[in-house]
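The exercises below are meant for a reader who meets this structure for the first time. Please look through the sequence and the model before working through each solution.

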Amino acid sequence: PAIHPKLHTCVAYACGPLVVLWDWSEGRKYFLQGHTKTVTAFSYSPCGVYLISADSIEFITWDLATGAIQTRHEYGAVLERTSDSGVQCRDDVTVVSMDFNDNGKILTTLEVGSSGLCTVQCWKWRDGFRELCFARPPLGRGYTFIRSSHDGRDIVVCAPEVLVGYRVIVPVLTAMAEVL
């Protein structure tokens with residue numbers, strides 16, 4: 001779930017392909033329909049005007065004032081990669097976590113593939129989801145959570161027994177520390 005940054009009684013959560021906005025202080029629920037796959041991650045923009053949600057194939061940007069879809073962006077649900085043995089593989093990818101920096105210009109996502117391969121990406125979401133940079137954390141850690149610093153220059157990726165810190169130096173993310 002995600003808590004609205006301004007209306008602290010409004011929570012967003014997924015129910016299959018629906019995004020549910022629940023204002024628990026008023027007991028009201030609003031349903032945002034547009035995804036065709038199960039919603040796996042979402043984040044409110046810091047200003048609280050937009051919500052971005054992701055399923056296994058696309059991002060949807062919602063205008064919260066109207067509940068309308070502002071943009072859709074297919075992010076490439078299949079990742080081409082080279083295995084350790086040098087064989088080209090296809091990996092189904094799902095966004096599992098996302099976070100905005102404080103000024104709302106950069107959206108950071110954590111994508112996990114069916115093979116366990118992870119990708120951390122930074123996007124300029126208002127420019128049609130233009131990718132700024134990416135990195136691949138070490139394999140096999142079970143990463144589930146991502147957070148960016150207020151200025152968007154530092155990112156932490158979390159797994160049950162490890163934290164990996166990155167410094168954003170476009171066009172790459174540089175691993176700064178790994179804590180077990």
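**Exercise 1.** How much space lies in the largest pocket, and which residues lie nearest its centre?

Solution. The model is a predicted one, and in it the largest pocket holds about 340 Å³ of space. Turning next to its walls, one finds 20 lining residues, with Ala2, Phe42, Ser43, Met98 and Arg147 lying nearest the centre.

**Exercise 2.** Work out which strands supply the lining of the largest pocket, and what kinds of residue make it up.

Solution. Begin with the strands: at least two lining residues come from each of β1 (2-3), β5 (41-44), β10 (88-100) and β14 (145-148). The strand that gives the most is β10, which contributes five residues. Then sort the lining by residue type, which yields 12 nonpolar, five polar and three charged residues.

**Exercise 3.** Describe the second largest pocket in the same manner.

Solution. Its space comes to about 210 Å³. The residues that line the second largest pocket include His4, Cys10, Asp23, Tyr44 and Gly67, while the elements giving two or more residues to this lining are β3 (18-23) and β4 (28-32). By type, the lining of the second largest pocket divides into seven nonpolar, two polar and two charged residues.

**Exercise 4.** Place the pockets in the setting of the whole chain.

Solution. Start with the elements, where the chain shows 17 strands and zero helices. Taking under 20% relative accessible area as the cut-off for buried, 44% of the 180 residues count as buried. Finally, the chain exposes about 9,400 Å², of which carbon and sulfur atoms supply 55%.

Conventions
Residues are numbered from 1 along each chain as its sequence is written. This is a predicted model: local features need pLDDT of at least 70, side-chain atom pairs count only at pLDDT 80 or more; totals for chains, interfaces and linings use all residues. Side-chain values use heavy atoms; hydrogens and water are left out. On a 1 Å grid over the protein atoms alone, a cavity is a set of points where a 1.4 Å probe fits but cannot get out, and a pocket is an open set with protein on both sides within 12 Å along at least five of seven lines; lining residues have an atom within 4 Å of a point. Grid points are joined across faces, edges and corners, and a volume is the space filled by probe spheres set on the points. Helices (H or I, at least four residues) and strands (E, at least two) are DSSP runs, numbered from the N terminus. Ala, Val, Leu, Ile, Met, Phe, Trp, Tyr, Cys and Pro count as nonpolar, Asp, Glu, Lys and Arg as charged, and the others, Gly among them, as polar. Buried means under 20% relative accessible area, exposed over 50%, partly exposed in between (1.4 Å probe, protein chains only). Accessible areas come from the Shrake-Rupley method with a 1.4 Å probe; for residues, only the protein chains shown count as cover.
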